[in-house]
Amino acid sequence: LPSSPVLERPLDAALIWPTVILAIALAAGPTLGAYWLYVSALKQAPATVVSVVATIEPLAAAGWSALLLVAYPSANQLLGAALIIAGAIAILLRREG
């Protein structure tokens with residue numbers, strides 16, 4: 001069995017496979033879900049709109065981390081968020097006009 005440098009003893013074999021399965025599920029689930037949502041959105045809306053909305057995804061992640069993890073963004077990150085929002089609005093307004 002592989003040993004753990006943190007525990008300095010062999011890992012319990014009963015814990016290895018559930019951990020591997022959980023890691024695969026956590027990696028594949030959100031990735032496949034995001035891909036499916038993106039492709040579904042492309043069927044419903046123009047690619048320009050979908051791509052602009054996709055650029056806002058990191059802002060949503062930062063917002064959720066602030067709410068759930070109390071990890072507030074720095075001033076530079078807030079400036080970057082404002083620039084992303086301004087760019088998204090500019091693209092959408094240009095597309096309409």
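**Chatting through a predicted chain**

Biologist: What share of the 97 residues of the chain counts as buried?

Modeller: Keep in mind that this is a predicted model. To count as buried, a residue has to be under 20% relative accessible area. Across the 97 residues of the chain, the share that makes that cut is 7%.

Biologist: In what order do the elements of the chain run from the N terminus on?

Modeller: There are 4 helices and 2 strands to place. Starting at the N terminus, the order reads β-β-α-α-α-α.

Biologist: How much of the accessible surface of the chain belongs to carbon and sulfur atoms?

Modeller: The accessible surface adds up to about 7,900 Å² for the chain. Carbon and sulfur atoms hold a share of 73%.

Biologist: Is Ile24 buried or exposed?

Modeller: Ile24 sits in helix H1, which spans residues 13–44. Together with Trp17, Val20 and Ile21, Ile24 makes a nonpolar surface patch of about 440 Å². The cut-off for exposed is over 50%, and Ile24 has a relative accessible area of 54%, so the label is exposed.

Biologist: Which residue other than glycine has a positive phi near 55°, and where is that residue found?

Modeller: As a rule, most residues other than glycine have a negative phi. Here the residue with the positive value is Val70. Its relative accessible area is 52%, so Val70 counts as exposed. As for the place, look between helix H3 (57–69) and helix H4 (75–96): the loop there holds Val70.

How values were computed:
Residues numbered from 1 in each chain as written. Predicted model: local features only at pLDDT ≥ 70, side-chain atom pairs only at ≥ 80, totals over all residues. Heavy atoms only, no water. Buried < 20%, exposed > 50% of the residue type's maximum accessible area, 1.4 Å probe, protein only. Areas by Shrake-Rupley, 256 points an atom, 1.4 Å probe, with all protein chains shown as cover. Patch = residues over 30% accessible without salt bridge, like charges linked within 9 Å, V, L, I, M, F, W, Y side chains within 5 Å. Salt bridge = Lys/Arg side-chain N within 4 Å of Asp/Glu carboxyl O.
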